[in-house]
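Here are my notes on the model you sent. They go from the whole chain down to single residues.

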Amino acid sequence: MKIIPKMSLLFMLIIIYSCKKENEINLNSQPPIIENEKPFQKNLDSINKVKADSLAQIKKDSVNQLKEKLRKKKKFRITEGMAYIAWPMKVSDSLRKVFYKTYSRKDIYDIAALNRVDTDNLSKRDTIIVPKELKENFIDYSPFPFYTDVLIDVPKFIIFSYPIQAYAVYENGTLIKWGPTNMGKKATQTPRGLFFTNWRGRKVKSTSNDEWILNWNFNISNFGGVGFHQYALPGYPASHSCLRLLDADAQFLYNWCDQWILKDSNTQIAKGTPVIVYGDYAFGKKGIWNELVKDPNITTITLEQLNNEIESHVPEILKQQQIRLDYLKAKNETSEITVKTDSLSIN
């Protein structure tokens, strides 16, 4: 057995006592102050805020995605108004097929005309307006008044409206025909004012482009190179100042309008049929007829509006009409009438 010296034993007892005392002090003392407690709390608040913002953004994104889905889905639905419905065409292949199976060939022709397009361009439109009540006679869809006494003494008269891209034909104040037109685009607008038909040509080559064949062309401004004729109707002003028409409409006017009367190639004796072009178009926007679903009267031209466009021109119309009648009466024949033929300088 090993014997520990007294001095060593004493030294060990002192160390044990000191350790015990130190532990008692540590156990009874206050918890130490952590210097970084406040910054740590700020960081925690920031993390919680970021989480909250992220959740809010996720929720917002989800709502926006839902709205977008509904918006896209809405394109594929037929929207119904009081007198018209909006029928998706270009965006929905299935609805386009249903459309052509639902309506007759005549109905489709009329619907295309109401949308200011020809049948070839109808399916190219995003959405088309379709009347809920199909009428037997297209004239019954007319946005123009059926009668105006301002024209009672005018046997033949045509008016073209830029705002609604449509024309109307009157005989002694009674509407006999109306239809769609696509007039001059923004860069080459159709001039406004009073004109008279002059020369006509069954097939005319445009001097702007030899490939442009203008069928049933009737010129209204010889020097300006403006006339109405058959050409593609895309559903908005697209021409180089001319007034585009459906083939049947152009053919009707070609045979219905009067040509000017010339003494020789340089001397005019009498003018032809009076034509008025009026109004402004909201270029860059869809034509107002696309809003017929919301407002079935948005394209309607009131009698007051029509008369306001006509009345100031009536004296000149009657004057030129009398000159023509006097000449024809004096001649008592039309065989000596000569017509100047030419091609348009501008399509």
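1. How many helices and strands does the chain have? There are eight helices and 14 strands. Keep in mind that this is a predicted model.

2. Overall burial and surface. The chain has 347 residues, and 40% of them count as buried. The exposed area is about 21,000 Å². Carbon and sulfur atoms supply 55% of that area.

3. Contact range. Take the contacts in the chain with a separation of 6 or more. Residues 24 or more positions apart account for 64% of them.

4. The three-stranded sheet. Strands β1, β2 and β3 form an open sheet, in the order β1-β2-β3, with antiparallel pairing. Which strands stand at the edges? They are β1 (79-80) and β3 (127-131). Each has a single partner strand, so one side of each is left without a neighbour in the sheet.

5. The β1 pairing and the helix on the sheet. Strand β2 covers residues 84-88, and two bridges join β1 to β2. The two strands run antiparallel. Glu 80 has Ile 85 in β2 as its bridge partner. Helix α3 (residues 93-102) packs on this sheet and touches β2 and β3. The direction of α3 makes about 130° with that of β2. As background, strands of a sheet pair through backbone hydrogen bonds, either parallel or antiparallel.

6. The β12-β13 hairpin. Strand β12 spans residues 261-264 and strand β13 spans residues 267-270. In which sense do β12 and β13 pair, parallel or antiparallel? The pairing is antiparallel, over three bridges. Two residues lie between β12 and β13, and the strands form a hairpin. Ile 261 stands opposite Ala 270 in β13.

7. Thr 190, a loop residue. Where is Thr 190 found? Its place is the loop between β6 (174-180) and β7 (193-196). Is Thr 190 buried or exposed? Its relative accessible area is 1%, under the 20% cut-off, so Thr 190 counts as buried.

8. Surroundings of Thr 190. Leaving aside residues up to four places away in sequence, Thr 190 touches Tyr 162, Met 183, Gly 184, Val 226, Ser 241, Cys 242, Leu 243 and Val 277. Ser 241 also appears in a polar contact. The backbone oxygen of Ser 241 lies 2.8 Å from a polar atom of the Thr 190 side chain. Thus a buried loop residue has a side-chain polar atom paired with a backbone oxygen.

How values were computed. Residues are numbered from 1 along each chain as its sequence is written. This is a predicted model: local features need pLDDT of at least 70, side-chain atom pairs count only at pLDDT 80 or more; totals for chains, interfaces and linings use all residues. Side-chain values use heavy atoms; hydrogens and water are left out. Helices (H or I, at least four residues) and strands (E, at least two) are DSSP runs, numbered from the N terminus. Buried means under 20% relative accessible area, exposed over 50%, partly exposed in between (1.4 Å probe, protein chains only). Contact means heavy atoms within 4.5 Å. Accessible areas come from the Shrake-Rupley method with a 1.4 Å probe; for residues, only the protein chains shown count as cover. Two strands pair if DSSP finds at least two bridges between them. A polar contact is a pair of N or O atoms within 3.5 Å; within protein, one must be able to donate a hydrogen and the other to accept it, and residues adjacent in sequence count only if both atoms are side-chain atoms. Axes are lines fitted to C-alpha atoms, for helices over the stretch in contact, and angles run from 0 to 180 degrees between N-to-C directions.
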